[in-house]
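Welcome! Take a moment to look over the sequence and turn the structure around, and then we can walk through it together.

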Amino acid sequence: MNALVALPLALPLLGAAVSVVLGRWRPVQRLVTLAVLATSLVISVVLVVRVEREGIQVSQAGGWPAPFGISLVVDRLSAVMLVVSSAMLLAVALFAIGEREGEGRHVGFHPVYLVLAAGVAGSFVTGDLFNLFVCFEMMLVASYVLITLGGRPDQIRAGMTYVVISLVASIAFVTVLGLVYSATGTVNMADLSTRIPELDGALRTGFAVLLLGVFGIKAGLFPLFSWLPDSYPTAPGPVTAIFAGLLTKVGVYAIIRTQTLLIPEGSRPDVLILVVAGLTMVIGVLGAIAQDDMKRILSFHIVSQIGYMVFGLGLFTVAGLAGAVFFLANNIVLKTSLLLVAGIVDRFAGSCRLSETGGLVRRAPVVAVMFGLPALSLAGLPPFSGFVAKLGLVDAGVSSEAWAITAVSLAVSLFTTYSMTKIWAGVFWGERDRTPSRTAHTSDRFGAPPLMLIATGAVVAMSLAIALFAGPLWDLAERIGADLVDPSGYVEAVLGGDS
Amino acid sequence: MKQLRIVDTSVRVLYHSIFVLSLYFLFAGHNQPGGGFAGGLTAGAAISLRYIARGVGSVRRAFPVQPWTILGSGLLLSATVAIVPLLLGGAVLEHDDVTVELPLLGTVKATTALPFDIGVYLLVLGLTLMAFEAFGDEPEPDSDLAADGEAAS
């Protein structure tokens, strides 16, 4: 039994409850949120160390043995995702407290944010397909509230699209879940991993494609992504950052987990995944080029970057999966930092439109640096972490002789560089062409209140640290890749061998 | 708010009986159909009848505590019950039971799953109350809408 495994899921829920009951005192709410998220971060780091030393950590909820009870499983992939996600949740919470926009005005922000944290952690920790659905729902229901926080008409309109698409995806998910259960009689993922190979070949591929489609909507894969760039930019700044950083990535995690663990080799739709990956990259980046708004450009880039992760998955080799996981973790950090900067720009200049901003490199040089570093990293320039991630993927692509997709990924990198340059030129250089309609907060000395800058700086520093420790982190990613290629260790840890 | 005599009278009769039924569901849930969620929904049905018959003011008077306090303490109770076994060296959500002789009810088997269910019951109850709080009343022709919205948020 391992107590730590359940805590990343249970602690935020407990914190949410305390936050609701003590809703009258905002400082107490803030303290609870920060304490819970910081504790989660520490627990996640301890879990990484434990998984490295002792192997996969399993806890059976209620003490009921698998596959009858609910298994909570932390392997290397889950542990790394927990560390990255809890670090981002903590940084964004700090940023939100520093901004005092949605956070200060709404009594519900803190509890809902903690429920979101519980949903994200739960999705990484659960070893059970039905509980994956439950945790997804927890995360999504919280996101419905956060995305419409503020209640502006455009938020409600975009929020409606988001809610409807998410609900359709959830219904599809629970339907697939029902089909899988009726075919195999279990929803425990380790158990499914041994049962699904016994099924008919066509059925296996069918399940693989259905699961890919269901999580594809949540991850924003082509052609199921159109809701994403429409809804994310309308949310309040910190909310956009955490959505961009985490929510779609949880979908990608679910794709990686289900395709490698549940679907046996030979039934995986690898060609389909690679085609979808290529189209997602290209369409996403082309969409970004056409935009005139910093948040919208970055939102289209979320889509484009998802393509890279799925590209690594589609190779189904150790190197490919290692590249996908490294890219995934790195991208969470980069996207969060870039959208936090977008939040600062939005506040400082009163607008995120390229035509209504300009000259920030002189007026707020600190903010410019905090955009420049992760932007260069996102474009994949050395010596930043994005370069390591892309090099890993391209290397994997070359050694699998997947020439077409590798070439596409390189070409898309060029376009990414182009649109980062476009943001730089529009926001940080030059002068604004039009005056924004909203008021700008230009009074702060460095462009934003210190807490916002510290939070953003911490995330940027984390992305630099990934570049600095790229060697050991890449080794870790390769061990994760090896785990994913051969899931027998996972199955054994959950079901306890043949006994 | 316009009141209909027949609805008002039937709700007066039904309200308390439905509430008792919801408590029965809560306690029966361990081995029979029911449980905290079903019980909470049944209590929610009782509240909705009261809301239809006499409006949100009557619902507020019936529950002197704020709805989010009910919701929050329910979640707090359930989450605590889930975590406490961890401190005692068990698995999350692990339960224990005791069998006691009570004067009127005979032999009763109580499990620690009961507080968890009570938490769920309170959570669902609080959520229902919050929903009706958000619906509010039909505004009076010249009332201050802004003040109403303030109270609901």
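## A helix to start from

A good place to begin is A:Gly178, which sits in helix H7 of chain A, spanning residues 153–184. Is A:Gly178 buried or exposed? This glycine counts as exposed, because just 12 C-beta neighbours fall inside 10 Å, and a residue with 12 or fewer is classed that way. If you would like a sense of distance, look for A:Trp474: A:Gly178 and A:Trp474 are 296 residues apart in sequence, and their C-alpha atoms are 38 Å apart in space.

Now follow the whole helix. H7(A) has 32 residues, so at 1.5 Å a residue it should span 46 Å, and the 46 Å between its end C-alpha atoms agrees with that. Just after H7(A) comes A:Gly185, with a positive phi of about 80 degrees.

## What covers helix H7

Which residues of H7(A) are buried? They are A:Ala158, A:Gly159, A:Tyr162, A:Ser166, A:Ala169, A:Phe173, A:Val176 and A:Val180. As you look along them, remember that an α-helix has 3.6 residues a turn, so residues three or four places apart point the same way.

The cover over these buried residues of H7(A) includes four helices of chain A: H6 (129–147), H8 (189–195), H9 (201–219) and H10 (227–231).

## A pair of strands

Chain A also offers a strand pairing to find. Strand E1 of chain A, residues 57–61, is mostly covered, with four of its five residues buried. E1(A) runs antiparallel to strand E2 of chain A (residues 70–74), and five bridges join the two. To see how they line up, find A:Ser59, which stands opposite A:Leu72 in E2(A).

## The nonpolar core

The largest nonpolar core holds 225 residues, and A:Val345 and A:Val367 have the most contacts inside it. Helix H14 of chain A (residues 318–349) gives the most to this core, contributing 21 residues.

What does A:Val345 touch, leaving aside residues up to four places away in sequence? The list is A:Met294, A:Cys352, A:Thr357, A:Leu360, A:Val367 and A:Val427.

## Chain B and its contact with chain A

Chain B has five helices and two strands, and from the N terminus on its elements follow the order α-α-α-β-β-α-α. Of its 153 residues, 34% are buried. Among the contacts in chain B with a separation of 6 or more, 64% come from residues 24 or more positions apart.

Where the two chains meet, 18 residues from chain B and 17 residues from chain A take part in the contact. The side of chain B that touches chain A is made up of 11 nonpolar, six polar and one charged residues.

## How confident is the model?

Please keep in mind that this is a predicted model. Its scores are ipTM 0.80 and pTM 0.90. Chain A has an average pLDDT of 88, and 99% of the residues score at least 70. Among the elements of chain A, helix H5 (residues 109–125) has the highest mean pLDDT, 94, and helix H4 (residues 102–105) the lowest, 73.

For chain B the mean pLDDT is 82, with 88% of its residues reaching 70 or more. Over residues 146–153 of chain B, pLDDT stays under 50, and the model has six contacts beyond four places in sequence for them. Where pLDDT is low, the predicted coordinates should not be read in detail.

Notes:
Residues numbered from 1 in each chain as written. Chains lettered and ligands numbered in written order. Predicted model: local features only at pLDDT ≥ 70, side-chain atom pairs only at ≥ 80, totals over all residues. Contact = placed C-beta atoms within 7 Å. Nonpolar A, V, L, I, M, F, W, Y, C, P; charged D, E, K, R; others polar. Buried ≥ 20, exposed ≤ 12 C-beta atoms within 10 Å, placed from the backbone. Pairing = 2+ DSSP bridges. Expected span 1.5 Å × (residues − 1). pLDDT = per-residue confidence, 0-100. Core = buried A, V, L, I, M, F, W, Y, C linked by C-beta atoms within 7 Å.
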